[in-house]
Amino acid sequence: MQPVNQTNGKINLDPDNAEHGLAQLVLTIIELLRQIVERHALRRVEGGTLTDEQIENLGEALMNLEEKMEELKEIFGLDDEDLNIDLGPLGSLL
């Protein structure tokens, strides 16, 4: 199997390269969760239910998570397109 890309949208589960495939799968799940949390946070900010301090903390946490994701993608030789799996009727992740 090939790594995730625009043509096949599949996770690489090649037994000879299990670490890379596992990293790809885990980072894809983390990216999905990060996007969900980010959207929820934006709704809360727009809804006015957070204090200024909570907004500041939330923004900092999301930036730190994004930086860590970039670092991990670099370590495992992945890019955004490698995490862009096809979610069927929901479309692509990214």
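This is a short walk through one chain, its two helices and a nonpolar patch on its surface.

Please keep in mind that the model is predicted. The chain has 94 residues, and 26% of them count as buried. Its secondary structure consists of 2 helices and 0 strands. The accessible surface comes to about 6600 Å², with 55% of that belonging to carbon and sulfur atoms. On contacts: if we take those between residues at least 6 apart in sequence, 49% join residues at least 24 apart.

Now helix α1. It covers residues 18-47, and L33 sits in it. Is L33 buried, partly exposed or exposed? L33 is partly exposed, because its relative accessible area is 49%, and the partly exposed class runs between the buried cut-off of under 20% and the exposed cut-off of over 50%. L33 also contributes to a nonpolar surface patch of about 580 Å². The other residues making that patch are L22, L25, V26, I29, L32 and I36.

Next, helix α2, residues 52-75. What span should its 24 residues have? At 1.5 Å a residue, the expected figure is 34 Å. The end C-alpha atoms of α2 are 35 Å apart, so the model agrees with that expectation.

Within α2, the residues L62, M69 and K73 are buried. Note that a lysine, K73, is among them. What covers the buried residues of α2? The cover includes α1.

One last point, on the backbone. Just after α2 comes G77, which takes a positive phi of about 65°.

Technical notes: Residues numbered from 1 in each chain as written. Predicted model: local features only at pLDDT ≥ 70, side-chain atom pairs only at ≥ 80, totals over all residues. Heavy atoms only, no water. Patch = residues over 30% accessible without salt bridge, like charges linked within 9 Å, V, L, I, M, F, W, Y side chains within 5 Å. Areas by Shrake-Rupley, 256 points an atom, 1.4 Å probe, with all protein chains shown as cover. Salt bridge = Lys/Arg side-chain N within 4 Å of Asp/Glu carboxyl O. Helix = DSSP H or I, 4+ residues; strand = E, 2+ residues; numbered from the N terminus. Buried < 20%, exposed > 50% of the residue type's maximum accessible area, 1.4 Å probe, protein only. Contact = heavy atoms within 4.5 Å. Expected span 1.5 Å × (residues − 1).
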